[in-house]
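Please open the model in a viewer and keep the selection panel at hand. The stops below follow one another, chain by chain.

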Amino acid sequence: MGSVIERIKRGHFWTFHGGIHPPEQKFLTTDKPIRAVSIPEQLILPLQQHIGISADLQVNVGDKVLKGQALTKSTHPMAVPIHAPTSGTITAIKNAVIAHPSGLSELCLFITPDGEDRWRERKICTDLAKLTDNDLIDKISSAGISGMGGAGFPTQVKVSTHEKIKFLIINAAECEPYITADDLLIREHSPSILDGINILDSILSPEHILIGIEDNKPEAIKVLQQTTANNEKIQVCVLPTKYPTGGEKQLIQILTGQEVPAGVLPSSLGIVMQNIATCFAIADAVINDIPLIKRVVTVSGQALQKPQNVWSLLGTPVGYLLEQCGYPNKDKKHIIMGGPMMGYSLPTDQVPVVKTTNCILAPSEIEISSPYSTGTREVECIRCGQCSDVCPAQLLPQELQWSAKAKDHQQLNKLNLFDCIECGACAYVCPSQIPLVNYYRIAKSEIRQQTQLDIKAEHAKVRFEARKERLTRDKIAREEKQRAAAAARKARMNSGTTEAKSEMSAVAQALARVKAKKAQTKVQAPINQETPTANVAQKSQVAAAIARAKAKKLAAQQNIAVEKTILVDQNTDTSKPAVDKKAKIAAAVAKAKARKFADKAHVKNVNVDDKPIDDKVEQVSNTEKTLVDKKAKIAAAVAKAKARKLAEQQAKLAATPSNEITNEKPKSEST
Amino acid sequence: MAFWIASSPHNHIKSETSAIMRLVIYATIPGIFAQWYFFGWGNIIHISLAIITALVAEFTILSLRERNIKAQLFDGSGILTAVLIGISIPAIAPWWISVIGAAFAIIIVKQLYGGLGHNPFNPAMAGYVMLLISFPLQMTSWQPPLELMALPLSFVDTLSVIIGGFTIDGYSVEQLRTHIDGYTMATPLDTVKTNLTMGLTIAESMENPVIGENFGLGWEWINAGFLLGGLFLLAKKAISWATPLSFLSSLFVCSLIAFLFSQDSNASTMFHWFNGACMLGAFFILTDPVSGATSIKGRIVFGALAGFLVFIIRKYGGYPDAVAFAVLICNMAAPLIDQYTRPRTYGHNVSSNKAGNE
Amino acid sequence: MTTLMAIIVLGSMALLFGAILGFASVKFHVEGDPLAEQVDALLPQTQCGQCGYPGCKPYAEAVANGEAINKCAPGGEDTIKKIADLMGVEPPPLDENHDTDNSPTVAFIIEEDCIGCTKCIQACPVDAILGTTKQMHTIIADECTGCDLCVEPCPVDCIVMIPIAKTPQNWQWDLNNIPVVQLD
């Protein structure tokens with residue numbers, strides 16, 4: 001391990017495969033100090049600004065909030081809270097376009113600042129030594145700090161690792177063209193950054209702290225070297241400029257010569273990496289009790305009159321910052337959030353600055369007339385292999401591209417598509433101007449989706465199979481029960497006891513009854529009160545359900561034929577009380593609602609139930625007439641329920657006699 | 001006003017396929033100049049014929065395939081194929097040789113496989129091999145360098161012999177190939193091969209006037225011209241260094257071993273390097289990215305295989321030169337080579353704690 | 001004599017090789033998934049029954065026995081293509097009785113209308129509906145396959161199929177359809 005440090009001290013580093021040297025264009029902003037911009041008229045704060053899940057909302061529309069007040073809260077480690085960047089009023093909580101390449105909307109808080117910029121109560125920490133590691137992590141967590149380099153991984157998760165840490169790497173490489181936010185932050189706030197690094201040092205207690213910085217920032221390097229001069233643990237590592245040195249995996253490879261194995265976090269190698277801006281935010285949060293509410297944003301590009309780094313409150317719309325930096329009104333706006341290599345185009349300038357926004361780029365058309373803007377200049381791949389020469393992950397971009405076009409997911413996985421860090425080096429050098437990265441991103445999202453679907457399908461299959469099994473099991477159990485019951489009865493009847501005899505006679509009676517019932521076809525058979533109630537009570541619920549189902553059918557048929565007359569009677573009966581208009585409406589609604597559920601017979605049942613409806617209706621007229629609709633609905637539902645009950649009762653009545661027969665001969669002619 | 005959506009990366013190195021193709025075409029100029037100097041106008045006439053044929057053929061096929069004609073016709077790849085065919089055929093071959101060759105290369109070898117980027121074989125070499133097998137007489141009618149020729153050969157004479165088979169003065173191709181001393185000439189490679197079968201040693205073959213002072217009168221300069229063009233391409237990073245280097249080293253090593261084994265029956269290493277289509281193959285044909293291997297490792301294997309095959313075919317094969325055959329065989333092997341030379345992806349199969357043990 | 005020898009030699013060689021081949025085919029027999037299993041693995045498992053079979057597995061078995069492969073509406077063109085690849089046939093277009101729109105949906109119960117009849121519970125092939133008699137029902141969205149079998153039995157029409165919303169998490173980099181703000 002000592003050898004790594006010796007090597008670094010000698011100024012020798014490892015290197016990663018490939019890499020490119022795009023025009024740096026940092027001169028646009030590197031010579032101007034960070035400017036503080038005024039508070040915009042409105043701040044838009046997306047609830048989720050990092051990788052993970054959003055925390056729970058703590059405020060409501062109309063609430064007055066103070067600067068630094070937590071707006072969301074959660075105990076989940078992957079949920080990071082957001083804070084009010086200034087004092088003001090919550091004017092809306094609604095979906096708005098968030099800082100995401102999709103341009104989709106998600107839940108955002110809209111704050112109208114009151115201009116007073118009033119702080120909540122702050123507890124400034126004067127003695128860091130008093131704080132335990134847990135206190136520090138708590139402070140980092142409640143300050144809502146997530147990685148400020150680009151991905152936005154919650155910082156408290158990174159720092160609360162239990163692995164033994166050998167290297168804490170501070171990423172100040174800033175390898176993307178144009179961006180100088182970290183450069184300027186180092187130059188202006190290196191003491192705070194050092195404080196942040198010391199805090200991380202005390203939490204993680206690594207063996208060495210390495211600050212990786214590209215050699216195109218001489219002033220920042222000087223400042224860092226001066227600031228850290230009397231700290232033996234910290235090494236400022238000046239690295240040759242090459243894109244993408246600032247990639248986590250690449251920087252680890254350069255500094256330690258180790259590769260992070262696929263699918264493993266760097267902490268398993270004893271390495272933790274933090275962005276240098278995150279260190280500043282940690283110091284601010286722990287010492288000054290300032291949560292993450294502002295950050296340095298490079299506003300650059302040749303379309304701007306005054307490109308500069310600015311201190312931007314989170315939630316500031318991009319358009320406001322551009323305006324501050326002199327953005328002329330052009331016909332075709334191309335605004336990129338992030339650098340030119342990995343940033344994404346914005347669909348509107350109302351997108352807010354979030355925790356991960358390090359750059360807003362407004363290039364002139366000559367400056368970046370990317371072939372991918374028009375998408376028409378793509379020609380066939382000639383397999384020149386330049387893409388695989390520059391790929392920092394040592395993938396084969398040309399083969400990935402073919403498989404992505406063919407949607408060959410298996411082959412894509414075999415070619416390790418998911419090791420692609422989307423740095424864009426391949427597409428940058430492609431002479432056929434193929435938007436390779438976009439193909440990979442589409443393929444990745446398709447594979448992710450497909451995996452989700454596959455899991456879901458497998459799950460659905462399991463549940464379906466389980467349900468089928470349950471149904472067959474129930475059926476078998478039911479049949480088994482019936483068979484057992486029948487066998488038991490037979491055994492009892494044949495046992496020759498008096499009980500058996502009576503039972504036998506009961507069966508005989510029942511058979512006789514059935515015969516009698518069959519004989520009386522015109523009128524519904526009166527229910528024989530002598531039905532052995534014991535038997536009925538013994539009936540299993542399953543049997544009852546079967547009976548009900550059968551009875552329903554029976555009732556439906558009988559009702560049509562037999563009870564037409566009753567229907568007429570009932571109608572004449574119920575027409576006697578004056579049915580007012582509301583009742584009619586109620587009945588109509590009920591009818592409509594019940595249409596699918598009830599057949600003709602059931603419609604009759606509704607009429608049978610006119611009386612209860614009338615009761616309800618009376619209540620209705622007694623109370624409020626404006627609520628007629630709702631009441632009618634309730635009435636209808638009640639009517640329906642009653643109707644069903646009635647139908648069931650009728651069905652039961654009709655079916656009871658045939659039940660015993662059903663038990664003995666499951667397929668009797670009970671209908 | 002509208003916002004403009006694009007995929008990252010938003011900037012680009014601003015290179016184009018057609019620019020690379022153009023560069024490669026320019027790089028053939030020194031070699032073509034040497035051909036013109038030693039063998040007259042023949043190859044330039046054939047190159048022009050082939051280019052016209054290639055453009056017509058490509059235009060026809062592209063319009064049949066309903067492709068973007070303007071972009072694909074002038075991407076330079078078809079013209080490059082035609083140039084390479086024009087360079088490789090004998091200067092006084094009849095006109096239809098280059099026409100058939102270019103048409104075959106473009107229509108069958110390139111477009112029917114799906115156009116640029118999809119052809120498994122190098123179109124120029126596939127066209128050349130087709131011609132060599134189909135028209136062996138015309139394709140081996142190599143004339144001697146101008147200074148050894150018994151008859152004068154002006155531009156008009158060349159044109160006439162290419163179109164009609166006879167010069168203005170009525171000499172046939174066969175007569176043109178006759179040496180001042182009255183016997184038919186062959187290429188240096190052919191001469192050596194024939195002499196070996198006749199029982200002569202290499203040293204004796206080297207006495208042949210067609211060899212000249214070094215390795216082959218005229219041929220050495222043509223190869224030097226292509227070497228120069230190739231180095232230019234390497235300097236411009238238009239081609240990968242791996243293939244030519246491994247090809248030339250492989251040929252060097254193979255011929256050196258053979259030469260050390262028996263100096264009488266094996267030509268020298270430099271004789272192999274500066275004869276036939278060696279340099280053309282090394283820098284202009286094997287480096288064709290479409291039909292070659294893609295990774296650096298793959299390219300080294302690809303070049304080495306080609307060098308070995310060139311030596312073997314030159315030594316034991318029925319044809320005097322071997323580059324075209326070697327290229328086609330390597331083209332066939334390219335997907336397999338690619339399959340087995342995939343680079344190790346970052347973070348996969350990491351030998352544990354490599355750095356820590358250093 | 002020569003002819004006889006030739007016949008004998010060739011015949012015995014044929015026998016020998018035949019025996020070797022026969023032995024190899026028994027010895028190295030690879031027990032592949034039965035076709036129905038493979039087809040079943042490709043089906044989306046919505047268990048919707050739109051193909052006319054009670055579930056995906058029965059349809060997979062039917063396909064293995066020669067049923068048309070273009071009856072899976074939720075799977076759509078993709079699934080047809082995959083089955084066609086597996087069976088080695090040309091992918092036919094989706095059966096015209098089905099909607100071509102197979103964008104994923106999930107069922108949703110309008111809870112204030114639900115009367116607690118349990119009919120949807122009985123219809124759900126994957127037990128994704130919670131509720132009991134006279135109690136309001138609800139759908140476990142994560143378990144719902146979007147088969148819409150529960151829509152039909154509902155007596156009060158309180159079940160609707162709602163399309164699954166596009167979120168930044170499931171967005172598929174469709175850069176051409178980003179809602180770009182048009183300014184004047």
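In what order do the elements of chain C run from the N terminus on? Select chain C and trace the ribbon: the order is α-α-α-α-β-α-β-β-β, with 5 helices and 4 strands in the chain. Helices (H or I, at least four residues) and strands (E, at least two) are DSSP runs, numbered from the N terminus. This is a predicted model, in which local features need pLDDT of at least 70 and side-chain atom pairs count only at pLDDT 80 or more, while totals for chains, interfaces and linings use all residues. Residues are numbered from 1 along each chain as its sequence is written, and chains are lettered from A and ligands numbered from 1 in the order in which they are written.

**Chain C: overall form and domains**

Keep chain C selected and show its C-alpha trace, which spans about 100 × 55 × 30 Å along its principal axes. The radius of gyration of chain C is 27 Å, whereas a compact globule of 184 residues would have one near 16 Å. This radius is taken over C-alpha atoms, and the globule rule is 2.2 Å times the number of residues to the power 0.38. Of the 184 residues in chain C, 27% are buried; a residue is buried if 20 or more other C-beta atoms, placed from the backbone, lie within 10 Å of its own, exposed if 12 or fewer, and partly exposed in between. Among contacts in chain C with a separation of 6 or more, 55% join residues 24 or more positions apart. Two residues are in contact if their C-beta atoms, placed from the backbone, lie within 7 Å.

Next, colour residues 35-87 as domain 1 and residues 103-165 as domain 2 of chain C; domain bounds come from an automatic or database domain assignment. The C-alpha centres of these two domains of chain C are separated by 24 Å. Each domain of chain C gives 7 residues to the contact between them. On the side of domain 1 of chain C that touches domain 2 of chain C, 2 residues are nonpolar, 5 are polar and none is charged. Here Ala, Val, Leu, Ile, Met, Phe, Trp, Tyr, Cys and Pro count as nonpolar, Asp, Glu, Lys and Arg as charged, and the others, Gly among them, as polar.

**Chain B: overall form and domains**

Now select chain B, which has 18 helices and 1 strand. Its C-alpha trace spans about 75 × 60 × 30 Å along the principal axes. The radius of gyration of chain B is 22 Å, which agrees with the value near 21 Å for a compact globule of 358 residues. Of the 358 residues of chain B, 53% count as buried, and residues 24 or more positions apart account for 74% of the contacts in chain B with a separation of 6 or more.

Colour domain 1 (17-185) and domain 2 (187-340) of chain B separately. The C-alpha centres of these domains of chain B lie 20 Å apart. Their contact takes 32 residues from domain 1 of chain B and 28 residues from domain 2 of chain B. On the domain 1 side, highlight α1 (17-27), α2 (29-39), α5 (77-88) and α7 (123-134) of chain B, the elements that give two or more residues. Helix α2(B) gives the most to this side, with 8 residues. The residues of the domain 1 side of chain B divide into 25 nonpolar, 7 polar and no charged.

**Between chains A and B**

Show chain A beside chain B. How many residues does each chain bring to the contact? Chain A supplies 59 residues and chain B supplies 39 residues. The elements of chain A that each supply at least two residues to the side touching chain B are α1 (2-9), α7 (248-256), β16 (332-333), β18 (344-345), α10 (371-374), α14 (425-429) and α15 (436-494). By class, this side of chain A has 31 nonpolar, 20 polar and 8 charged residues.

**Chain A: an open sheet**

Select the 4 strands of chain A in the order β2-β9-β8-β5, an open sheet with antiparallel pairing. Strands β2 (43-46) and β5 (64-65) of chain A stand at the edges with a single partner strand each, so one side of each is left without a neighbour in the sheet. Two strands pair if DSSP finds at least two bridges between them; β5(A) and β8 (residues 88-97) of chain A pair in the antiparallel sense over 2 bridges. Zoom in on A:Lys64, which stands opposite A:Thr89 in β8(A).

**Chain A: confidence**

Finally, colour chain A by pLDDT, the predictor's confidence in each residue, from 0 to 100. Chain A averages 79, and 75% of the residues score at least 70. Among the elements of chain A, strand β15 (residues 308-313) has the highest mean pLDDT (94) and helix α17 (residues 533-538) the lowest (42). Over residues 524-542 of chain A the pLDDT stays under 50, and the model has 15 contacts beyond four places in sequence for this stretch. The pLDDT is also below 50 over residues 655-671 of chain A, a stretch with 29 contacts in the model beyond near neighbours in sequence.
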